[in-house]
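Biologist: I should like a close look at a single part of this model. Please take one strand of the open sheet and describe its burial, its neighbours and the elements that lie around it.

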Amino acid sequence: MTTMPLSKGITAGLRKAMEDDPKVVLIGEDIGKLGGVFRVTEGLQKDFGEHRVIDAPLAESGIVGSAIGMAKRGFRPVVEIQFDAFIFPAYDQIVTQLAKMHARTRGAENLPVVIRVPYGGGIGSPEHHSESPEAVFAHHAGLKIMSPSNAHDAFWMIQEAIHSPDPVMYFEPKRRYWLRGDVDEANRGLDPYSAQVVRPGNDLTLVTYGPLVPTAMDVATAAEEEGKSLEVIDLRGLNPIDFSVIEDSVKRTGRLVVAHEAPVFLGLGSEIAARITERCFYNLEAPVIRVGGFHTPYPGSKLEEHYLPDLDRILDGVDRALAY
């Protein structure tokens, strides 16, 4: 076991993938000499050279388009999008080219491209630096999506993403970059798209992912002090979603709360609520409750604490579900 922050788990995973395969190439803005704005790629250009850790111009569409071309030539490019909302200039490249090439060629061509996206709020950033656009990309078939919540998953899931023959969106919870945890470099653990019960419970199922997993654990602890037993599930994979683990849990607890930083309106919680209602209708003792951001533009840093779901807002959702 090695203890490290989540961000350094990603760094170590990138390093291991680059050591194992000379076709793995990193490309993004300021990822070379600077090591990225969050220093996730720190030291990699020094060790692997400028031909494998490429500082790109400020042009997200060009970066992703270049990565698609590199993948067609046999490389495995890993793109860094500096901040979540900066991804939208590359939206066309991602959803009309990257996501569809395999189907368009009837399976003849794969594009093993990874797009790393630091996402979510909680770090006091200005506009366009704290959004959660994961549901936008989950809507498009052809893109796998994953989001680690701890250092161990960060280390192994980035390697799994790089090894995948399909394009993968790798959403990194930036406010958890400095959250330290144990990394077992000899044991991968669960499949990266398998949801994980991170805390067992009996009275209610609480599903979340990425930045809100630590918050959900605090919610479960607070609820326990009030005599309520919450089962916490970390989704890990956001497309495909492992509905079987959620379904098994809800069939035991009879209640479900889904929490995420993204707006509740048409967020991933909406799909989870609909699917579980279809599959567990006769097991549910209460409506599925969704807790998330508001359907407004992400606010300035002075107001983000009112926007982001916190322990109290999620506990309120738990209380509403348990009131039925």
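Modeller: A residue is called buried here when its relative accessible area is under 20%. The model is predicted, and the strand I have chosen is E2, residues 24-28. By that cut-off, 5 of the 5 residues of E2 are buried, and the strand is mostly covered. In a regular strand the side chains alternate between the two faces of the sheet. In E2, Val24, Leu26 and Gly28 lie on one side and Val25 and Ile27 on the other, and both faces are covered.

E2 belongs to an open sheet of 7 strands with mixed pairing, in the order E3-E2-E4-E5-E7-E6-E12. The edges of this sheet are E3 (53-55) and E12 (237-239), each of which pairs on one side only. Neighbouring strands are turned against each other by 20° on average, with direction ignored.

Within that order, E2 has E3 and E4 as its neighbours. The pairing of E2 with E3 is parallel and extends over 3 bridges; Leu26 has Val53 of E3 as its bridge partner. With E4 (76-80), the pairing of E2 is also parallel and extends over 5 bridges, and here Gly28 stands opposite Glu80. Leu26 and Gly28, which take part in these two contacts, are both buried on one side of E2, together with Val24.

Further along the sheet, E6 (residues 144-146) and E7 (residues 168-173) pair in the parallel sense over 3 bridges, with Lys144 opposite Val168 of E7.

Helix H7 connects these parts of the picture, since the helix lies across E2, E4, E5, E6 and E7 and runs at about 160° to E7. H7, residues 151-163, packs in turn against helix H1, residues 6-20, at an angle of about 35°, the two axes being 7 Å apart. The crossing of H1 with H7 is right-handed. On the H1 side the contact includes Leu6, Ile10, Leu14 and Lys16, and on the H7 side Ala151, Phe155, Ile158 and Gln159 are among the residues met. The residues of this contact comprise 10 nonpolar, 3 polar and 1 charged.

In summary, E2 is a strand with both faces covered, paired in the parallel sense with E3 and with E4, and H7 lies across E2.

Technical notes:
Residues are numbered from 1 along each chain as its sequence is written. This is a predicted model: local features need pLDDT of at least 70, side-chain atom pairs count only at pLDDT 80 or more; totals for chains, interfaces and linings use all residues. Side-chain values use heavy atoms; hydrogens and water are left out. Axes are lines fitted to C-alpha atoms, for helices over the stretch in contact, and angles run from 0 to 180 degrees between N-to-C directions. Helices (H or I, at least four residues) and strands (E, at least two) are DSSP runs, numbered from the N terminus. A crossing is left-handed if the near helix is turned anticlockwise from the far one by less than a right angle, and right-handed if clockwise. Contact means heavy atoms within 4.5 Å. Ala, Val, Leu, Ile, Met, Phe, Trp, Tyr, Cys and Pro count as nonpolar, Asp, Glu, Lys and Arg as charged, and the others, Gly among them, as polar. Two strands pair if DSSP finds at least two bridges between them. Buried means under 20% relative accessible area, exposed over 50%, partly exposed in between (1.4 Å probe, protein chains only).
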